[in-house]
Amino acid sequence: MVFSAIVVTTALKGALGLVGTGLWLVPLLIAGLAYYQYDQLDPESRIINRYPLNPEYDFIIIGGGSAGAVLANRLSEIPDWNILLLEAGPDENEITDVPSLAAYLQLTKLDWKYKTEPTGRACLGMKGRRCNWPRGKVLGGSSVLNYMLYVRGNRRDYDHWEALGNPGWGYKEALYYFKKSEDNRNPYLQNNPYHSTGGYLTVQESPWLTPLAVAFVQAGVELGYEQRDINGEYQTGFMIAQGTIRRGSRCSTAKAFLRPIRLRRNFHTAMNSHVTRIVIDPFTMRAIGVEFVRDGRKQYVRARKEVILSAGAINSPQILMLSGIGPKEHLQKIGVRVLKDLRVGDNLQDHVGMGGLTFLVDKPVAIVQRRFHAAAVTMHYVANGRGPMTSLGGVEGYAFVNTKFANRTIDFPDIQFHMAPASINSDGGIQVRKILGIADELYDAVYDPIANQDAFTFMPLLLRPKSRGTVRLRSSNPFHSPIMDANYFDDPLDIATLVEGAKIAVELAETKVFKQFGARLHRLKIPGCRHLKFASDAYWECHIRHITMTIYHPVGTAKMGPASDPTAVVDPRLRVYGVRGLRVIDASIMPTICSGNTNAPVIMIAEKGADLIKNDWLSSSTG
């Protein structure tokens, strides 16, 4: 779903010779991975794409991403239940296994290629004034495109969910489900009450780091913060990044949860299956099946017990609305028959950040594309699972800090930093600018003059935005992308907090530990901000509005809440209000966004959701 790493990862892929004149290394990389690693890393091998499908299943899961993969695994543990997992995209490939190539998967067939609507308040330096919103269209979902960062959020996030009227969603319960999935292989976290081993999801540090990663943590200590496990007792502080990788290779939810169960007789997967609507009996108001298009042919499968929507915070509301569940006025305008009037598509939240904050260094310690010897680096990775290609999309550290708007008396920071040992300039303009969608005028003025120079970036991220956006149907055609209005900076406190984050980032780069590298702020002005004094609050605000970085964490569009909440779409057991046999289990249900990267929390939500389903169906004869 992350990041300044977007910047870095791209630099890495170019650095590893997978673009331009080094294109010949692609087959070498694929062949090497297949020969050296594949059997030892994934003895279960690939998921079976089932033909033909049964006409009926007990549970149909829509979406094989971070939530859907977990649900398929856990529900198929009950041998009497038949499970069908529908995924719109294909399976992973050898390239998706390589952590450093994360950003290069964007804008490919594995990505829905979504863009936000222009608002005039954000993404001003992007082409069309729209931000790219990558979403995984592949088995494993966005856990295949993301930067693999394992961050749980703050305990107060979950206690707040419970206080809103959602019993069972407090931190104590959330921690249980975080640990249920986890197989943490960091030695210093062994025998830790906040972590566990033996789960399906492997969590490790990258085996390769630049000197800037250690400097980042030391700089935080210099400013008075603790070096700590941000997923442990306290969140505020600095840390070398942990990620969902396994022996140097990406550990997506497909790899973690689906491959081990590929031979379960009660579990079927259908890939390249684009769901067009959930079929709901208008008389009983029960979900009875799913319509989808596979191989160009429209198909229908019935659900005996439940349909579970796990298509993510963009596609889940889209499918609900196409099925007649959503805001009455909007559905009528689009021409969709209204079955249930619910506030589907509202409450959209995302971790918006400041991109492009670049610091130059004098020493060769950063990731610069042309410095790497592509063949050697590639073969070191395929043979040993080590080296720069194991970098977590380029993100090497993260931190949680307090601005003047945070309450420092409690452990509830309001800004997160992603630290990456590269920036927008690090690949010489080959790919990063395309992935971010940066306008040529901005790139040429600010980043082209420092192309291929050693640099690093801190990306300040707003942890708990007050602004709320919407997802709406573009039309009744299920193949048309939905309208995503992120509504960034609708609340002025959001950008004011990010400005304070930018100032802390500059302060961080001015610490003694970074001075040893000759670190200095890159001071060329953004064209649309030239009338403002550089590094003033007004300038930083202008910079943020131009290089607005989504961290690819959209959530909240099928809000969980009690029956007394008129904006709630699902109840605390994740059942859609007013429709029997239908649940939403993914990032959509978050009432408020968690304070950190969302992949681990989505896996937690799915673990708990699976137990809710088991409890409901195994403890009674009804549903």
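**Close-up views of a predicted model**

**View 1. Two annotated spans in the predicted model.** According to the UniProt annotation "domain: Glucose-methanol-choline oxidoreductase N-terminal", which comes from an unreviewed entry, residues 136-159 and 312-326 are covered; the structure in which they are viewed here is a predicted model. In residues 136-159, the C-alpha atoms at the ends lie 30 Å apart, and the span is 21% helix and 0% strand. In residues 312-326, the end C-alpha atoms lie 16 Å apart, and the span is 73% helix and 13% strand.

**View 2. The open sheet of β5, β6 and β8, with helix α6.** Three strands make up this open sheet in the order β5-β6-β8, and their pairing is mixed. Because β5 (182-184) and β8 (242-243) stand at the edges with a single partner strand each, one side of each is left without a neighbour in the sheet. Strand β6 (residues 201-205) runs parallel to β5, to which 3 bridges join it, and within this pair D183 stands opposite T202 in β6. Helix α6 (residues 171-181) packs on the sheet, where it touches β5 and β6, and the direction of α6 makes about 65° with that of β5.

**View 3. Strand β13 between its partners β12 and β14.** Of the 9 residues of strand β13 (residues 286-294), 8 are buried, so the strand is largely enclosed by the rest of the structure. Strand β12 (residues 273-281) pairs with β13 in the antiparallel sense over 8 bridges, and V275 has F292 in β13 as its bridge partner. These two strands, β12 and β13, form a hairpin with 4 residues between them, and in the turn M285 has a positive phi of about 50°. Strand β14 (residues 297-309) is also antiparallel to β13, with 6 bridges joining the two, and here F292 has Q299 in β14 as its bridge partner. The hairpin of β13 and β14 has 2 residues between the strands, and D295 takes a positive phi near 55°.

**View 4. Helix α16 and the elements packed around its buried residues.** Helix α16 (residues 537-546) is largely enclosed by the rest of the structure, because 7 of its 10 residues are buried. The buried residues of α16 are Y539, W540, C542, H543, I544, R545 and H546. Among the elements that these buried residues pack against are the helices α13 (440-446) and α14 (492-509), and they also pack against the strands β17 (352-354), β24 (520-521) and β25 (548-550).

Note on methods. Residues are numbered from 1 along each chain as its sequence is written. This is a predicted model: local features need pLDDT of at least 70, side-chain atom pairs count only at pLDDT 80 or more; totals for chains, interfaces and linings use all residues. Side-chain values use heavy atoms; hydrogens and water are left out. UniProt positions are given in the numbering used here, feature names are shortened, and annotations may be inferred rather than shown by experiment. Buried means under 20% relative accessible area, exposed over 50%, partly exposed in between (1.4 Å probe, protein chains only). Contact means heavy atoms within 4.5 Å. Two strands pair if DSSP finds at least two bridges between them. Axes are lines fitted to C-alpha atoms, for helices over the stretch in contact, and angles run from 0 to 180 degrees between N-to-C directions.
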